[in-house]
Structures are given as C-alpha cells and as structure tokens.
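These are my notebook entries on a single chain, written up in the order in which I looked things up. I began with open space, then turned to rings and charges, and ended with individual residues.

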Amino acid sequence: MENNRIAIGLDIGTTKIVAMIGRENEYGKIEVLGIGKAKSLGVKRGVVNNITQTIQSIQQAVEEAENVSGLKIDTVTVGIAGHHIRSIHHSDYITRQDAEEVIDEKDIENLINQVHKLVMLPGEEIIHVLPQEFKVDSQADVSEPIGMYGGRLEANFHVVVGQVSQIKNIGRCVTNSGLGLSAITLEPLASAEAVLSHEEKEAGVALIDIGGGTTDLAIFKDGIIRHTAVIPFGGNVITEDIKEGFSIIEKQAELLKVKFGSAWPGENKDNEIVSIPGLRGREPKEITLKSLSQVIHARITEIIEQVYLEIKNYGHDTQNGKLIAGIVLTGGGAQVKHLKQLVEYITGMDTRIGYPNEHLAGGSDESLSSPVFATAVGLLMEGLEKMPKQQPVAPEEPVFEKIEEKKEEIIAEHQEEPEIVEEPKAVKQPKKKVNKKSWLDKFTSGLKDFLNEAE
C-alpha cells in the first residue's frame, strides 16, 4: 500500500460495538477499508457491566472488520462515555526561566502536564486537558502563544474527568481481546470531529449525540470546546417505554420505534394502526401510531430538556455564549422521524442532522454516512490524527540522511585511497627534493667559494 498510516476506531456502545479500519487518502478524506459490527451485551448506559460479554462482542466486531479489510488489527482508538464523565474549568500558569526565548510547544506541554497533576476526587482520573484561551504576561485572549515572548504563560482549560475503575474496565476489555490501546477519547469529541465543520465550531454550535444508552453533548464556540456533558438516557429508554407501555417484547418495541415511530404525535392520524404478532399463537396486538408517537415524544422531550438545561448552564442566553450555528443532532437516536422539528420547538435553535459523509472518501458505502457511525468515523479520524504526521515522509528523511552519510563515507574513502596509492611516491619525492637540495648546496658552496676568491 502506498499509505501505511492505517488506524482503527473502536466504538463500544450500549447497543452495538463497531470496529472501523481506515486510512487517509491523498485528498485528505477517510477511506474505510473494513467495518465490523456486533451486538453489545455487556455495556449499560455507556458503562461496562460484564467484562466477558464485552470482550466477546469486541472480538466479534474486530474479526469481521479484519475479514472485510484483509488486515490484522493491532491497536485501536477507543471512545468513552457514561454518566461518570464530568467536565470542569480550570486556570493554571507557569513561569518561564528565560523570558528572552520565544514560547514553544515544550512550554505548552509543561503547562498541560501541570494541569494533569490536579488532585481529583477519590476514584477519578483526568481523561482530557483541552486548552482554551492563553494569556502571555498581561496580554489576554491569545489563541496561539507559540513564537511569542513572555515570562508568564497562563491558560484556561476544559478538563474532562472520569471514574478510574470505568476507564480501567474499558482498557481491560480491549487488552483481553488481544488488542493494544493507542488512545481513549471522549465520544462526543469524536462525534464532533466527524460531523461538525470549522465554520460551525467558530460560530458556536451544540452537538447532541443520541446513542443507545447515553446522550452526549459537546459545545463549541470560537473554534474551542467550551462544555461537555453525558446524560444517562438514550434510545434504549425510549424502547423500554414502548415495551412496557404496550406490553410487547423488546425486539418488537425496537422495530416499532425504528419503522413507525415519530417524535411529533400530531403527524399521525387516529385511524393509523399497526398490528403486532402475538406470542405462541396468541391474538395479535393493534397499536395506533398516534399512541406510539406520544410515548416516544414524552421520553425524547425529557432527554432534550435535560440537554437544553446543560446548554443554558454553559451560558447560551448570554451575548458572548450565543450559539449562532444552533444544534447538530447525530447518533442512532437522531434517526427518529420529526426529531429535528421537536428539538427546534423545545430550544428555539436552528437544528440539523449531522452525517459523517463530509469526511468520507468518494465511493464509500452509503450506509457509512448514517449518523449511527458518526462516533466510529470520529474515532478513526482521531486515530489517524494522533499517528505521526510525517510517517509517510519519515522513511524518506532517514534514507536521504543515510545517503548523505554514505556519500560522505564514499568521498572520504576515495580521498584516502589516492593518499595510500601515492604513499610510495611521497617516499620517492623526498629523494627528488634531496637531489634538488644537494644541487642548491653545490650552488651555495660554489657561490661562497667565488666570493672568497673575490676577496
């Protein structure tokens, strides 16, 4: 292959586990080489509650992706979510030893490492430290301090924190599946990479990723992550409500939600009825689509209101915090009919459905453009981004260096060889020089004799 920079995104969700193998083509688009899916049996609301079942599901998804792509998977980039995730804002600074030297990446790394040493609550661990605005000496609102002079480097940070035990459980599931763990990324951040444009992040946007077990929120403003939250409700809660409300099995409830469900009850007429087959020869059940939509509407409204509360807590009502680009919906739950209209009605914000097709190479399978795969595509992009950028170029640089070194060695060898060859000549030359010297001695002595005689 021309491009050896291949990454793997592993989305460990509540309803499904997706392994996606891909690479970046020459146009900077993601070329998906293989994808594997498996039903997630050991995860509830984004948290692993059965290690063995989760390992089996991961292995099944990975094996399918390997068979499709013909590649062997070694390491993966994994997404993390769950109600244990929380975010905090923190300010920190470092005093530089030499203010006469420009600020470089090492200074920013030192500042970030200092934030990583923050004391968290017992059992918590820092997952991400994301710099926002920098301040150099008295100059505030610096977006890029590298190359500037200054003695004091300060920054505001968005710090994402999670439970150590849950992070270790995910790590254990991955390693016990025979895989290496290259990175753990917060799922809403991965989804944001897949479906949001730079313009939306600049203008201000709230990404709502409605998954099976959780609804993830990521808010961007001025191109910077401002707020993240994980709400422990998702599509599975809607399915559970349908199951309990109409006394049917879970499989039938999920099928009803996907095929006939709507978030807007007013769209359905009272005489629209769907028939559900009865169990073991029992009479079929008849359910009106209006009553089905009312159940879905009630639960989705509850989820969106919780998300909107987080958006207001961020400061959307303030002038500086206004999200001009509105809301982008993604994830499997975003496929519910008329969800866009309901979200616009509740929040009063412009809304669109986010598809990851913008970053996919032309000719990709149409199914990959579904919001269901937004997180997996984002994790794949994250994996490619964290790989050394110079990897395709890297082999060339050492080769050129080695060629230069070899060239110098060859030149040196050829320079030494004439000296070795001419050594005998160099031995003979003194004889010639001695002859010339003796002739000069004769001339000098002759001159001395002539002068003596003249006296």
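**Entry 1: the second largest pocket**

I looked up the second largest pocket and found that about 950 Å³ of space lies in it. Its lining consists of 22 residues, and V129, L130, P131, E382 and E385 are the closest to the centre. I note here that the model is predicted.

I then asked which elements supply at least two residues each to this lining. They are helix 2 (105-116), strand 8 (124-136), helix 4 (187-195), strand 14 (224-231) and helix 10 (374-386). Strand 8 gives the most, with seven residues. By character, I recorded eleven nonpolar, six polar and five charged residues in the lining of the second largest pocket.

**Entry 2: aromatic rings**

I searched the whole structure for aromatic pairs and obtained one. The pair is formed by W264 and Y345, whose ring centres are 5.6 Å apart; their planes stand at 90°, so I entered the pair as edge-to-face. W264 belongs to the loop between helix 7 (250-260) and strand 15 (273-276), while Y345 belongs to helix 9 (residues 339-347), so the pair ties together parts that are 81 residues apart in sequence.

Are the two partners buried, partly exposed or exposed? W264 has a relative accessible area of 27%, which makes this residue partly exposed because the value lies between 20% and 50%. Y345 reaches 63% relative accessibility and therefore counts as exposed.

**Entry 3: charges over rings**

I next checked for charged groups placed over rings. R152 lies over the face of Y93, at 3.8 Å from the ring centre. For K201, I found the charged end over the ring of F220, 5.0 Å from the centre of that ring.

**Entry 4: the chain as a whole**

I counted eleven helices and 18 strands in the chain. The chain has 455 residues, of which 46% count as buried. I also looked at contacts between residues at least 6 apart in sequence: 66% of these join residues at least 24 apart.

**Entry 5: three buried residues**

I looked up I12 first and located this residue in strand 1 (residues 6-12). Its relative accessible area is 7%, so I12 is buried. Leaving aside residues up to four places away in sequence, I12 touches I17, V43, T54, I58, V78, I170, V174 and E187. I also recorded the C-alpha to C-alpha separation of I12 and V47, which is 9.3 Å for residues 35 apart in sequence.

S57 followed; its place is in helix 1 (residues 51-69). With 3% relative accessibility, S57 counts as buried. Beyond residues up to four places away in sequence, the contacts of S57 are I17, A38, K39, S40 and L41. I17 thus appears in my contact lists for both I12 and S57.

The last residue was I300, in helix 8 (residues 289-314). I300 is buried, with a relative accessible area of 4%. Which residues does I300 touch, not counting residues up to four places away in sequence? I listed I238, A263, V336, L339 and L342. Of I300 and I238 I noted further that they are 62 residues apart along the chain, with their C-alpha atoms separated by 7.5 Å.

Definitions and conventions: Residues numbered from 1 in each chain as written. Predicted model: local features only at pLDDT ≥ 70, side-chain atom pairs only at ≥ 80, totals over all residues. Heavy atoms only, no water. 1 Å grid on protein atoms, 1.4 Å probe; cavity = no way out; pocket = protein on both sides within 12 Å on 5 of 7 lines; lining within 4 Å. Points joined across faces, edges and corners; volume = space filled by probe spheres on them. Helix = DSSP H or I, 4+ residues; strand = E, 2+ residues; numbered from the N terminus. Nonpolar A, V, L, I, M, F, W, Y, C, P; charged D, E, K, R; others polar. Phe/Tyr/Trp six-rings, centres within 6.5 Å; stacked < 30°, edge-to-face > 60°. Buried < 20%, exposed > 50% of the residue type's maximum accessible area, 1.4 Å probe, protein only. Lys NZ or Arg CZ within 6 Å of the ring centre and 35° of its normal. Contact = heavy atoms within 4.5 Å.
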